[in-house]
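Colleague: I'd love a close look at one part of this model: the paired aromatic rings and whatever surrounds them. Could you take me through it step by step?

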Amino acid sequence: MQQEKRKKAKGGMTNVIPEKVKKLWDEWNLRGSILFSLFLQILLIFCAPTRKRRGTTFVTLIIWSAYLLADWVAAFAVGLIANSQNNMKNKCEMPVQTEDLLALWAPFLLLHLGGPDAITAFSLEDNELWIRHLFGLLIQLIAVGYVILQALPSELWIPTSLMLLAGIIKYAERTRALYLGCLGNFKASMLPPADAGPNYAQLMEEYTSKKIAHVPADIKIEKEFGGGASADYAVRVEPLSDLDVVEGGFKYFNIFKGLIVDLMFTFQERKDSRRYFFARDTEDAFKVLEVELNFMYDALYTKMVVVNGNIGYFLRFVCSTCLVASLERFAAHHKQKNGGHPPNQGKMHPFDVYVTYALLIGAICLDSIAVIKLIFSDWTIVLLRYRRAKEFLLKTRKRLAIYRIGRWSKTFGRRWSNSMSQHSLVRYCLKERFKWIDVTVDWFGLKDILDEIQYKDHIKVPKDLKKFICEALKEKAKKAEDSKTAREICSGRGDWVLSQSACQSLIWSVDGEYDESLLLWHIATDLCFYEMPYEMPSTHTDPEVGPQPSKEGSFDNRREFSKFLSDYMLYLLVMRPTMMSAVAGIGQIRFRDTCEEAKKFFRRKDIISGGKFKESSLLSWFKKIFPSPRGQSEPKKKKLMREKIWKACAALLLIETVVKPIEVKGDRSKSVLFDACILAKELKKLDERKRWKVMSEVWVELLSYAASHCRANTHAQQFSKGGELVTFVWLLMTQLGLGDQFRVEAGHARAKLLVEK
């Protein structure tokens with residue numbers, strides 16, 4: 001009786017999933033997995049390139065999901081094929097033609113595991129796992145080989161063999177790309193031959209022997225001429241053509257790609273780069289930098305380095321030929337077997353035939369797209385010998401349909417997002433969420449993501465801001481006659497500007513840790529920026545409305561530039577802590593303490609109201625993902641936020657700060673809220689025009705300090721996330737000779753032993 005009860009209980013457990021569902025899964029799981037794998041490849045080849053142009057959370061999430069699922073689904077489908085073969089053979093239910101089709105499908109999955117050219121690594125860490133991918137290639141090759149051997153003898157052995165060869169080539173290309181993108185191997189490929197220098201020992205032995213023999217001798221030193229820096233910025237040349245931009249970007253990519261792995265550069269490279277970029281205006285300089293960073297992205301995250309070359313072109317030709325020949329052989333076999341009759345008379349399931357055609361045609365289409373992109377890529381253009389051929393490719397590329405699709409044309413035409421994120425401490429404190437929401441999302445580890453969605457804004461980088469930063473860096477670079485001076489200039493983080501502007505009384509604000517200085521100047525910038533009444537014209541920048549073009553000349557430009565850079569630097573400090581880890585110090589703790597003190601102050605002043613305001617904040621991040629048509633209430637909410645920010649800043653400035661906060665509170669709390677109030681009051685004593693001039697230049701110096709002191713690999717990580725303005729500043733500083741990468745200053749000294757007669 002007990003055994004029967006156990007059987008019934010066991011049977012009850014196995015019937016949790018209905019038989020119809022199980023039958024449906026058993027019949028369609030393999031077909032569904034294979035078609036889903038093909039869909040993921042289509043998604044990746046079209047979406048992967050957009051991540052360097054649109055670094056939004058939504059785009060990143062789609063690409064990340066497709067990248068991870070593509071490998072898992074393909075490997076899972078190979079296992080399903082092997083399992084289906086065993087099950088059907090054991091039950092003697094598998095027709096010969098079905099077994100042949102399963103064997104043909106397996107190499108397709110190896111092809112899918114190779115992935116598209118547009119993405120081999122989602123992040124830099126994926127490149128470090130190239131050995132795992134090499135091991136995966138061997139395992140999957142064994143699995144696919146097992147499936148094919150199970151089906152022998154096969155009537156489809158020719159297309160199956162051709163697809164197997166194409167799959168091996170694709171997977172090997174991806175593994176090779178990961179190997180080359182590994183930072184250790186990337187660095188090893190650029191290391192110059194070991195250089196012992198001139199033979200010092202031999203020279204000194206000869207000199208000593210002459211002295212012992214009482215032969216008059218002397219050593220004359222002739223240093224390698226390094227050239228001065230005074231002529232580096234003498235002449236401006238004509239604007240660059242599109243071809244000149246690509247060629248210039250490729251030239252300096254080959255020279256400065258070692259930046260990513262902290263290689264050093266010579267004075268000849270420094271001089272050549274300075275001369276080139278001093279002769280460029282801001283627009284051309286940023287275009288060249290954009291191309292240069294795009295080449296770096298391709299080298300680390302795609303197959304472009306592998307497929308560009310004689311071997312790469314040959315393997316791509318073999319792969320494409322195998323795909324076309326496989327389609328032709330399968331179509332001929334299918335036509336011969338059916339002889340004009342319906343597909344089921346050839347013992348092939350009609351849907352399986354359609355799936356096979358979909359796989360073959362899909363593979364050929366994806367390969368054709370990859371070949372077209374390869375032909376019209378920047379890599380092909382720079383590797384061609386004849387200028388006419390290069391110009392023809394550039395003109396043809398501009399006329400391709402994919403570059404002329406309405407509003408998307410601007411997205412496809414650029415190589416980075418051309419945007420900078422914004423984050424304001426005052427606005428963050430005023431848009432407070434319910435406590436239970438923070439506790440819940442923090443438990444799931446999603447608090448940082450929610451903060452980005454709710455509090456982070458994006459603005460297009462204004463051309464005037466680029467020009468302002470570029471000209472400021474050029475002025476600094478003119479003073480960097482040698483590498484030592486360049487390193488001293490790069491170490492400035494506001495103190496140099498304040499000294500030059502006769503503002504020694506403000507140097508205390510930049511003498512502390514970098515994150516402390518950044519928070520002080522961020523809050524002070526907001527306090528000075530919102531000194532106007534909240535009914536200010538919409539032509540000024542507003543955190544809810546976004547930046548608007550200024551119509552009042554350079555004074556308002558400096559004011560807006562300060563606000564842009566202030567919010568951008570806070571975004572880097574708070575929402576990109578990994579990137580700023582080299583300079584951030586205890587920035588996260590200091591930010592949290594400052595926010596807590598600000599919220600406490602705003603509550604006491606009744607600036608933060610009750611649940612109604614919190615409710616609108618709770619729903620704001622939904623509106624960012626699912627924007628609704630602009631209604632009548634939207635301007636009112638923006639005006640309400642504008643009023644709150646103005647009131648908050650006015651209330652902070654009304655506090656008497658005759659005693660330093662640290663003397664009253666001690667140093668347990670790292671808040672800098674009222675220290676920033678002291679700084680803002682001192683800044684307001686300056687003439688308004690001078691105030692914004694000083695503040696904007698201090699922010700450029702804080703930005704350049706962060707750019708030059710962030711770790712190189714953190715800059716490289718941003719290539720696949722739409723790029724960051726700080727990364728462009730980092731590269732521009734290097735091109736202008738600023739930084740500590742130039743450590744070969746004199747080259748080899750030529751010593752001669754002179755013997756007097």
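Modeller: Happy to! Two rings of Phe, Tyr or Trp (for Trp, the six-membered ring) are a pair if their centres lie within 6.5 Å; planes under 30 degrees apart make the pair stacked, over 60 edge-to-face, and anything else tilted. Please keep in mind that this is a predicted model.

With that rule, 29 aromatic pairs turn up. One of them joins Phe-256 and Phe-265, with 5.0 Å from centre to centre and 55° between the planes, and it is tilted. Buried means under 20% relative accessible area. Phe-256 therefore counts as buried, at 0%, and Phe-265 is buried as well because its value is 4%.

Now for a stacked example. Tyr-514 and Tyr-705 have ring centres 5.2 Å apart and planes at 25°, so this pair is stacked. It links distant parts of the chain: Tyr-514 sits in helix α25 (residues 514–529) and Tyr-705 in helix α33 (residues 688–709), 191 residues apart. Both Tyr-514 and Tyr-705 are buried.

Back to the first pair for a moment: Phe-256 and Phe-265 belong to a cluster linked by ring pairs, together with Tyr-252, Tyr-276 and Phe-277.

What lies around the stacked tyrosine? Tyr-514 is one of the residues touched by Met-580, whose contacts beyond four places in sequence also include Leu-518, Met-569, Leu-572, Leu-573, Ala-706 and Cys-710. Met-580 leads us to the largest nonpolar core, which has 142 residues; Met-580, Trp-521, Met-569 and Phe-602 have the most contacts inside it. Helix α12 (residues 282–301) gives the most to this core, with twelve residues. Another core lies apart from it, with 41 residues, including Ala-74, Ala-82, Val-147 and Leu-360. As background, nonpolar side chains tend to be buried together in soluble globular proteins.

Helix α25 has charged partners too. Asp-515 makes a salt bridge with Arg-590, their closest N and O atoms being 2.6 Å apart. That pair links helix α25, which holds Asp-515, with helix α28, which holds Arg-590, across 75 residues. Asp-515 counts as buried because its relative accessibility is 1%, and Arg-590 counts as buried at 5%.

A second bridge from this helix joins Asp-526 and Lys-563, at 2.5 Å from N to O. Here too distant parts of the chain are linked, as Asp-526 is in helix α25 and Lys-563 in helix α26 (residues 554–575), 37 residues apart. Asp-526 and Lys-563 are both buried.

Helix α28 (residues 587–604) also contains Glu-597. This glutamate counts as buried because its relative accessibility is 16%. Leaving out residues up to four places away in sequence, Glu-597 touches Lys-665, Ser-671, Leu-673 and Phe-674.

For contrast, here is a salt bridge between partly exposed residues. Asp-244 pairs with Arg-387, the closest N and O atoms being 3.2 Å apart. Asp-244 is in helix α10 (residues 242–256) and Arg-387 in helix α17 (residues 387–399), so the pair ties together parts 143 residues apart in sequence. Asp-244 is partly exposed, with a relative accessible area of 25%, and Arg-387 is partly exposed at 38%. Both belong to a network of salt bridges with Glu-247, Lys-390 and Glu-391. In the whole structure, the search finds 28 salt bridges.

Note on methods
Residues are numbered from 1 along each chain as its sequence is written. This is a predicted model: local features need pLDDT of at least 70, side-chain atom pairs count only at pLDDT 80 or more; totals for chains, interfaces and linings use all residues. Side-chain values use heavy atoms; hydrogens and water are left out. A nonpolar core is a set of buried Ala, Val, Leu, Ile, Met, Phe, Trp, Tyr and Cys residues joined through side-chain atoms within 4.5 Å. Buried means under 20% relative accessible area, exposed over 50%, partly exposed in between (1.4 Å probe, protein chains only). Helices (H or I, at least four residues) and strands (E, at least two) are DSSP runs, numbered from the N terminus. Contact means heavy atoms within 4.5 Å. A salt bridge is a side-chain nitrogen of Lys or Arg within 4 Å of a carboxyl oxygen of Asp or Glu.
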